[in-house]
Amino acid sequence: MKLSLDQKMKAYGLDKLLKYVHKDPENNLPKAIDFAKKISPNDFKSQIDLIEQTVNDKDNVYYKYILDILDRIDSDVVDTFIENFLLNATLFSEEIKQDTRTKYNCNVPWTILLDPTTACNLKCKGCWAAEYGYSLNLSNEQIDDIINQGKDMGIYFYIFTGGEPLARKKDILTICEKHKDCEFLIFTNSTLIDEDFAKEMLRIKNIIPAISIEGSEFTTDSRRGKGTYKKIMNSIEILNNYKLPFGISCCYTSENYKSIVSEEFVDYMIDKGALFAWYFHFMPVGKSTSKQLLLKPYQRKHVYEQIRKFRATKPLFFLDFQNDAEYVGGCIAGGRNYFHINANGDMEPCVFIHYSDSNIKDKTLIEALQSPLFVAYRNGQPFNDNMLRPCPMLENPTLLRDMVKKSQAKSTDILVKEDVDDLCGKCDDYAEVWKETADEIWYSNKK
């Protein structure tokens, strides 16, 4: 990123201040927050104020969380995260994103999700990628071009999904090292993380794994295969030995929902060093995927309540992809906050909704964001006034049907094309029964 003189001075000042903070975090953190308030635009004032309240309250669970990060994680990795994620991806690039939105009259996201490969060494129950095999890959040149285009638009945060991204470990490392000014999150089953990869992560400094886990050893192995849990625990041990950050990624289903939001599981993951927990609602995507794993209303409500309870009591950063829409104003897909590029180069509005009218082989990212399907997302958001019903597929399936048909988007499933009516048909009953519970929770909270 080409920084202005003012931005360079702010970055230099923050770098000096971080070194000061590392020497005595407990006493010097408040001074760092004072500096952050001075360099942050007004749009981020509420977030900075919240952090300031946390730092000044030593009984706050997140005060202990921040001190733990500064104590356990390699200081250079922490500083790189602050520079790449907080400065480059959030503060310094916001004006570029806003200018691009205005110039091209389209959404410009905060992050891009991309699949380096369809390959995966596991076959998890209910995962659409389980049968894809090693058939498709984005080349290093294609990934590099995506990131270069993204940076021109102000995007400095990238998320690798799959397939299993670490099936291409060397390529991932090459890309992350080339784009040292960006932060990279990798959704991974972690079974391919070894000592050599951890050493490279520590050297490059801008990679954070989000490890997929399903709760207990029994529930994890039931969905991901026997022995997977033990491999995950081994990977976590390696990451801790190298003072590297990681979080967990949990897909909640009708079978595992109790396990992954249990007190025992959350406490165990905190004890193992996880810094964040990203929860995702199961989506019945794929022609061969049934709706069996969709949650009953009382099950989803249980997840909703547990995560909100833990936020006040557990030193772990929680994100709930389906139930947190109230904090971001509804659906974040379609380029509003993110979009997805699969291993075939298809640009999809959402990682969970496999339809596209654009491909990187014949369109730029800007052209895709101006395409009929992405414009339909932009014009339709938010898709519901009740933020517990944000998704145009899961909770408002008639809307996805309409957008896909009007835009003439095609199914991007590489094995068996899934008609949008078939996909949304799996969600119709769910949307209807969840509506009553969602309305009850949402409108009671608004009183």
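The face of helix α13 that is turned away from its buried side carries the exposed residues E264 and D271, and I would like to start there, bearing in mind throughout that what we have on the screen is a predicted model. Helix α13 spans residues 263-271, and within that stretch F265, V266 and M269 are buried. These three cover an arc of only 95° around the axis, which puts them on the same side of α13. What do the buried residues of α13 pack against? Going along the chain, their partners are α11 (228-241), β5 (247-252), α12 (257-260), β6 (276-281), α14 (297-311) and β7, and two of those strands, β5 and β6, will come back in a moment as members of the sheet. Just after α13, please also note G273, which takes a positive phi of about 105°.

Let me turn, then, to the sheet itself. It is an open sheet of 9 strands with mixed pairing, and the order reads β7-β6-β5-β4-β3-β2-β1-β8-β9. Which strands stand at the edges? They are β7, residues 317-320, and β9, residues 347-348, and each has a single partner strand, so one side of each is left without a neighbour in the sheet.

If we take β1 as our reference, we can follow the pairing in both directions. On one side, β1 runs parallel to β2, residues 157-160, and 3 bridges join the two, with I112 standing opposite Y158 in β2. On the other side, β1 and β8 also pair in the parallel sense, here over 4 bridges, and I112 stands opposite F339 in β8. Lying across β1, β2, β3 (183-188) and β8 (338-341) is helix α7, residues 140-152, which runs at about 150° to β2.

Strand β8 deserves a closer look. Its side chains alternate, in that Y338 and H340 point one way while F339 and I341 point the other way, and all of them are buried. The next pairing in the order, between β8 and β9, is antiparallel and extends over 2 bridges, and in it H340 stands opposite E348 in β9. These two strands form a hairpin with 5 residues between them, and G345 in the turn has a positive phi of about 90°.

Y338 brings me to the aromatic residues, since ring pairs link it with F187, W278, F280, F321 and F352 into a cluster. A search of the whole structure finds 17 aromatic pairs. One that I would single out is the pair of F85 and W110, whose ring centres are 5.3 Å apart and whose planes stand at 70°, so the pair is edge-to-face. This pair links distant parts of the chain, 25 residues apart, with F85 in helix α5 (residues 75-92) and W110 in the loop between α6 (94-104) and β1 (111-114). Are these two residues buried or exposed to some degree? F85 counts as buried at 17% relative accessibility, whereas W110, with a relative accessible area of 30%, is partly exposed.

Finally, a word on the overall division of the chain. Domain 1 covers residues 5-72 and domain 2 covers residues 338-445, and the C-alpha centres of domain 1 and domain 2 lie 38 Å apart.

Methods:
Residues are numbered from 1 along each chain as its sequence is written. This is a predicted model: local features need pLDDT of at least 70, side-chain atom pairs count only at pLDDT 80 or more; totals for chains, interfaces and linings use all residues. Side-chain values use heavy atoms; hydrogens and water are left out. Domain bounds come from an automatic or database domain assignment. Rings of Phe, Tyr and Trp (its six-membered ring) pair if their centres lie within 6.5 Å; planes under 30 degrees apart count as stacked, over 60 as edge-to-face and the rest as tilted. Buried means under 20% relative accessible area, exposed over 50%, partly exposed in between (1.4 Å probe, protein chains only). Two strands pair if DSSP finds at least two bridges between them. Contact means heavy atoms within 4.5 Å. Axes are lines fitted to C-alpha atoms, for helices over the stretch in contact, and angles run from 0 to 180 degrees between N-to-C directions. The arc is that of the directions from the helix axis to the C-beta atoms.
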